[in-house]
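Biologist: Got a minute to look at this one with me? Let me pull it up.
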Amino acid sequence: MTNDILDLAARVGQALQAKNLLLATAESCTGGGISQAITEIAGSTSWFDCGFVAYSNSSKTELLDVPAALIAQMGAVSEEVAAAMAHGALANSNAHVALSTTGIAGPTGAVPGKPVGTVCFGWVKGDHAYTERLVFAGDRKAVREQTVVHALQGLLRFIE
């Protein structure tokens, strides 16, 4: 865990606390990396409710209520599934805001139109949702690290 990520997680915590918001995460390709960064911050219990690591498609459906038909139609790595994951994290927690990540960290897993490094993000607060799709360069570790950073930066923009 880099100092930059820890500093960013601390900034997220300050922003959430200032707005009295509780966060939940729904992670696939990051495998809990966002939750790990958050819980490295002392006092995060006051602004972090829980994290779901839903790596398989069935866990996305079972834990986060993502419709299996949506995954079949759009693919697990899609903005639609990222939004559904974030909505599911919100619905299955006490949080006020949620973020999600789903992607292809590599080195395998690419499909036509979705190369290695493709990551979809979702941020949800109430009925307001924002999604994004990016393609990161680098190896598996680099893709996952960039995903954690972007998810946290996006959350800061989303709640401000």
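Biologist: Strand E1 (residues 23-27), is that mostly covered or not, and how many of its residues are buried?
Modeller: Mostly covered: five of its five residues are buried, where buried means under 20% relative accessible area, exposed over 50% and partly exposed in between, with a 1.4 Å probe and protein chains only. Strands (E, at least two residues) and helices (H or I, at least four) are DSSP runs, numbered from the N terminus. Keep in mind that this is a predicted model, where local features need pLDDT of at least 70, side-chain atom pairs count only at pLDDT 80 or more, and totals for chains, interfaces and linings use all residues. Residues are numbered from 1 along each chain as its sequence is written, and side-chain values use heavy atoms, with hydrogens and water left out.

Biologist: Which E1 residues point which way?
Modeller: Leu23, Thr25 and Glu27 go one way, Ala24 and Ala26 the other, and all are buried.

Biologist: In what sense do E1 and E2 pair?
Modeller: Parallel, over five bridges; two strands pair if DSSP finds at least two bridges between them. Alanine 24 has cysteine 50 in E2 as its bridge partner.

Biologist: And E1 with strand E3 (residues 97-103), over how many bridges?
Modeller: Five, in the parallel sense, with threonine 25 bridged to leucine 99 in E3.

Biologist: New topic: where is valine 53?
Modeller: Valine 53 sits in strand E2 (residues 48-53). It counts as partly exposed because its relative accessibility is 42%.

Biologist: What is valine 53 in contact with, leaving aside neighbours within four places in sequence?
Modeller: Glu27, Gly31, Gly32 and Leu63, contact being heavy atoms within 4.5 Å.
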